[in-house]
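Work through the exercises below with the sequence and the coordinates open. Try each task before reading its solution.

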Amino acid sequence: MGYFHFILIFTNRFKQYRQFLVAGYLASAILAVMNYYNILFDLSYTRAQAPFLYWPHASFYNWFLIGVELFYIGLGLLILYRSIPSATEPLKTKLKYFLPVVIIGWSGGVTNWFYWYNALPIPPVGNLGVTFYLLATFYLIFKHDLLALNVAVKKTLIYSSLTLCV
């Protein structure tokens, strides 16, 4: 939900999708409780799955987790994609760089699901996509000022300096 919330703030679409955000946080709370009570995974069936010594097996209720995650990933990507044409030029370029990075990152993380169900013997090698996502986002933040951190850092530095002087 943090990703979806970030996308809504980043694209300035918070008011349009507020009901989805509230529903998503409610679903996240339900999933957290289900995870606490070991409902999402069958921990009695942990097994050695190369290259891991212990890997859980998903229960039937884990499909709720996967459905919620896929829905909010897809909706976030759709919002990002639809925001590109109407964005002003500095934000438009940032969105064009950020969209493929997000797609690669989420596609990589999804490979963890295959091991939960013994579906395909594909290890979660897609986590390299998540690493690429993190490095590319780091690059976009500091090189192309994705989150306008320069303004925040400058304001913080000025405020801290003024506070020290008083």
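**Exercise 1. The faces of helix α1**

Helix α1, residues 2–10, has Tyr-3, Phe-4, Ile-7, Leu-8 and Phe-10 as its buried residues. Decide how these buried residues are arranged around the axis of α1.

Solution.
- Look down the axis of α1: the buried residues fall within an arc of 170 degrees, so they line one face of the helix.
- Turn to the face directed away from the buried side. Gly-2 and Ile-9 are the exposed residues there.
- Now find the cover. The buried residues of α1 are covered by elements including α2, α3 and α4 (89–109).
- Leu-77 gives a detail of α3, since its place is in that helix. Its contacts beyond four places in sequence are Tyr-3, Leu-99, Val-102 and Ile-103. Tyr-3 is one of the buried residues of α1.
- Check one of these pairs by distance. Leu-77 and Val-102 are 25 residues apart in sequence, and their C-alpha atoms are 7.9 Å apart.

**Exercise 2. Confidence and overall layout**

The model is predicted. State where confidence is lowest and where it is highest in the protein.

Solution.
- Start with the average. Mean pLDDT is 82, and 85% of the residues reach 70 or more.
- Then go by element. Helix α7 (residues 149–165) is lowest, with a mean of 65, while α2 is highest, at 95.
- Count the elements: the protein has seven helices and two strands. Along the sequence they run α-α-β-β-α-α-α-α-α.
- Add the totals. Of the 166 residues, 33% are buried. The accessible surface is about 10,800 Å², with 71% of it belonging to carbon and sulfur atoms.
- Consider contacts with a separation of 6 or more. Residues 24 or more positions apart account for 57% of them.

**Exercise 3. Two asparagines with positive phi**

Compare the backbone and the accessibility of Asn-12 and Asn-38.

Solution.
- Recall the background: most residues other than glycine have a negative phi.
- Take Asn-12. Its phi is positive, about 60 degrees, although it is not a glycine. Asn-12 follows α1 and sits in the loop between α1 and α2.
- Take Asn-38. Its phi is also positive, about 55 degrees, and it is not a glycine either. Asn-38 lies in the loop between α2 and β1.
- Apply the cut-off: exposed means over 50% relative accessible area. Asn-12 has 71% relative accessibility, so it counts as exposed. Asn-38 has 46%, so it counts as partly exposed.

**Exercise 4. The end of α3 and the loop after it**

Classify Arg-82, Ser-83 and Ala-87 as buried or exposed. Then place each against other parts of the chain.

Solution.
- Locate them. Arg-82 lies in helix α3. Ser-83 is also in α3, which spans residues 62–83. Ala-87 belongs to the loop between α3 and α4.
- Arg-82 has 55% relative accessibility, so it counts as exposed.
- Ser-83 has a relative accessible area of 4%, so it is buried.
- Ala-87 has 16% relative accessibility. Buried means under 20%, so Ala-87 falls in that class.
- Next, contacts beyond four places in sequence. Ser-83 touches Thr-11, Arg-13 and Leu-95. Ala-87 is in contact with Lys-92 and Leu-95.
- Finally, distances. The C-alpha atoms of Arg-82 and Thr-11 are 9.6 Å apart, with their positions 71 residues apart along the chain. For Ala-87 and Asn-12, 75 residues apart along the chain, the C-alpha separation is 10.0 Å.

**Exercise 5. A nonpolar surface patch**

Which residues form a nonpolar patch on the surface, and how much accessible area do they have together?

Solution.
- List the members: Val-33, Tyr-36, Tyr-37, Ile-39, Phe-60, Tyr-61 and Trp-63.
- Give the area. Together they have about 890 Å² of accessible area.
- Inspect one member. Ile-39 lies in the loop between α2 (18–36) and β1 (41–49). Asn-38 is in that loop as well.
- Test Ile-39 against the cut-off. A patch residue needs over 30% relative accessible area. Ile-39 has 34% relative accessibility and counts as partly exposed.

How values were computed: Residues are numbered from 1 along each chain as its sequence is written. This is a predicted model: local features need pLDDT of at least 70, side-chain atom pairs count only at pLDDT 80 or more; totals for chains, interfaces and linings use all residues. Side-chain values use heavy atoms; hydrogens and water are left out. Patches are made of residues with over 30% relative accessible area and no salt bridge: like charges are joined within 9 Å, nonpolar side chains (Val, Leu, Ile, Met, Phe, Trp, Tyr) within 5 Å. Accessible areas come from the Shrake-Rupley method with a 1.4 Å probe; for residues, only the protein chains shown count as cover. A salt bridge is a side-chain nitrogen of Lys or Arg within 4 Å of a carboxyl oxygen of Asp or Glu. Helices (H or I, at least four residues) and strands (E, at least two) are DSSP runs, numbered from the N terminus. Buried means under 20% relative accessible area, exposed over 50%, partly exposed in between (1.4 Å probe, protein chains only). Contact means heavy atoms within 4.5 Å. The arc is that of the directions from the helix axis to the C-beta atoms. pLDDT is the predictor's confidence in each residue, from 0 to 100.
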